[in-house]
Amino acid sequence: MDSITDNAAVASAADITRRARWSVDQVTALLELPFNDLIHRAHSVHREHFDPNAVQLSTLLSIKTGGCPEDCGYCPQAVRHHTNVDNEDMLAVDAVVAAARAAKDQGATRFCMGAAWRGPKERDLERVIEMVKAVRALGLETCATLGMLKPGQAERLKAAGLDYYNHNLDTAPEFYGEIISTHTQEDRLGTLAKVRDAGIHVCCGGIVGMGETRRTRAALIAQLANLDPYPESVPINNLVQVEGTPLHGAAQLDLFEFVRTIACARITMPKAMVRLSAGRQEMPEGIQALCFFAGANSIFYGDKLLTTGNPEVQRDRALFKKLGLRPMPREQREF
Ligand code: SAM
Ligand code: DTB
Ligand code: SF4
C-alpha cells in the first residue's frame, strides 16, 4: 500500500512526504471485505507484531469533571448539555495518587488523567505536572488528556515525565463540523503536532456510532494511519449514549462494523496499541473476543471511564481467564 502514484515524478519532494499512504478508498475496500477475510488479515498482522494473548491495561481517572465550554455532541461533560454530570473542582494531587496506586494494585500499567477543558490554564497545568510526577514515581506509565495545548505546555508536560498525551481526531474531517462547532479538527492537529514535537508519545483515535457512514469511518482510520508517524496508541470508542447529549438516541452501530473498524486500525497501523475503548460495558463478551482477535490489544481497565461505566475489574478478569488472555507487561511494547 505504498505511496507513490503516477504523477509522483512531477510532485515536489514536500508533496511526496505528505502524500497519504492509505487512501479512503483503500480503507473502505478493507471495511467491505467478507468478515472472515478481514479479521483473518488483521489477526495475521497482529501476530506479526505482538503476542496475540497479551492485552495492555490502562486505567482512567477524571481529574476535572464537567463544566466544559466546548460543544462536542457526544460528550456528557459539555456544560451546555443537560446531563447529570456536575461541574466539579479539579482533584487534589493526593486523591489522584491514591487512585493511581489502586489502579497499579489492580494490575494496570498506564494511568490516564482526563480533564473536561478546552485546554489547560497555566495554574491548572502546574497541578497536572505535580500529578504526572507523582504517578510516574509509582512506576506507572502516565497519560493525560487535557484538551488543546498552548505553545510550551507540551514541553513542560514532557519535562515532568508525561509518557503519552491523548487527543483524538474523533471523526473524519468532513463529518467533524456536524458534531463539534467550538473548535476545528485543524486545532486538534495543531495540538498533536505540539505533542509530537515535544517527544511525548501520541494517543489518538476516535469515536464510531455517531451516525457516520462507513466511508466516514474509513476516512477517520486513513487519517489516523497517515499521521507521520502514526500514533503509538489508537483508542477506538463506540459512542456511549448519554441522556441530554445531542447524540443520545442516534442509531446504534452494528457491532460487527465496530469489529471491522478495529481490524482496519490494526491493518493500517500494525505496531500501534489499538485500544478497545468506550462502549465495552454494553458490548457482549463474544464481540469483545472478536475485537481481540481482530487486533485490539489494549483496554480501559477499572469500573469507570471518565463519567460513564466500564466493565467491573472482576468481570474483565473472568473474561481474560475464559479467553486465555493476560495483562501485557510494559517491556513487551515496541515504543
Ligand atoms: N477535553 C479533552 C478532549 O476533548 O480532548 C479531554 C477529555 S475528552 C472526554 C476525551 C475523549 O473522550 C474525546 O475525544 C472522545 O473521544 C471521548 N468521549 C467523550 N464522550 C464520549 C462518549 N459519550 N462516548 C465515547 N467516547 C467519548
Ligand atoms: C478515549 O479515547 N476514550 C476515553 C479516553 N480517551 C479519555 C474517554 C471515554 C469517555 C467516555 C464517556 C465518559 O465516561 O464520560
Ligand atoms: Fe469538553 Fe473534551 Fe467533552 Fe469536548 S470531549 S465537551 S472538549 S470534555
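**Exercise 1. Determine how the radius of gyration of the chain compares with that of a compact globule.**

Solution. The chain has 335 residues, for which a compact globule would have a radius of gyration near 20 Å; the chain has 19 Å, which agrees. The radius is taken over C-alpha atoms, and the globule rule is 2.2 Å times the number of residues to the power 0.38. Next, the C-alpha trace spans about 55 × 50 × 40 Å along its principal axes.

This is a predicted model, in which local features need pLDDT of at least 70 and side-chain atom pairs count only at pLDDT 80 or more, while totals for chains, interfaces and linings use all residues. Residues are numbered from 1 along each chain as its sequence is written, chains are lettered from A and ligands numbered from 1 in the order in which they are written, and side-chain values use heavy atoms, with hydrogens and water left out.

**Exercise 2. State what share of the residues is buried and what share of the contacts joins residues at least 24 apart.**

Solution. Of the 335 residues, 56% count as buried, that is, under 20% relative accessible area with a 1.4 Å probe, protein chains only. Turning to contacts (heavy atoms within 4.5 Å), one takes those between residues at least 6 apart in sequence, and 75% of them join residues at least 24 apart.

**Exercise 3. Find the cavities and describe the lining of each.**

Solution. The search of the whole structure finds 2 cavities of 30 Å³ or more. A cavity is a set of points on a 1 Å grid over the protein atoms alone where a 1.4 Å probe fits but cannot get out; lining residues have an atom within 4 Å of a point. The largest cavity holds about 880 Å³ of space. Its lining comprises 46 residues, with Y74, C75, Q77, N168 and L306 closest to the centre. By class, 26 are nonpolar, 13 polar and 7 charged. Among the strands (DSSP E runs of at least two residues), β2 gives the most to this lining, with 4 residues.

The second largest cavity has a volume of about 30 Å³. G209, N238, L239, Q241, Q252 and L253 line this cavity, and they divide into 2 nonpolar, 4 polar and no charged residues.

**Exercise 4. Characterise the largest pocket by volume and lining.**

Solution. A pocket is an open set with protein on both sides within 12 Å along at least five of seven lines. The largest pocket contains about 400 Å³ of space. Of its 22 lining residues, L60, L61, D303, K304 and L305 lie nearest the centre. The lining has 11 nonpolar, 7 polar and 4 charged residues.

Conventions: Points joined across faces, edges and corners; volume = space filled by probe spheres on them. Nonpolar A, V, L, I, M, F, W, Y, C, P; charged D, E, K, R; others polar. Buried < 20%, exposed > 50% of the residue type's maximum accessible area, 1.4 Å probe, protein only.
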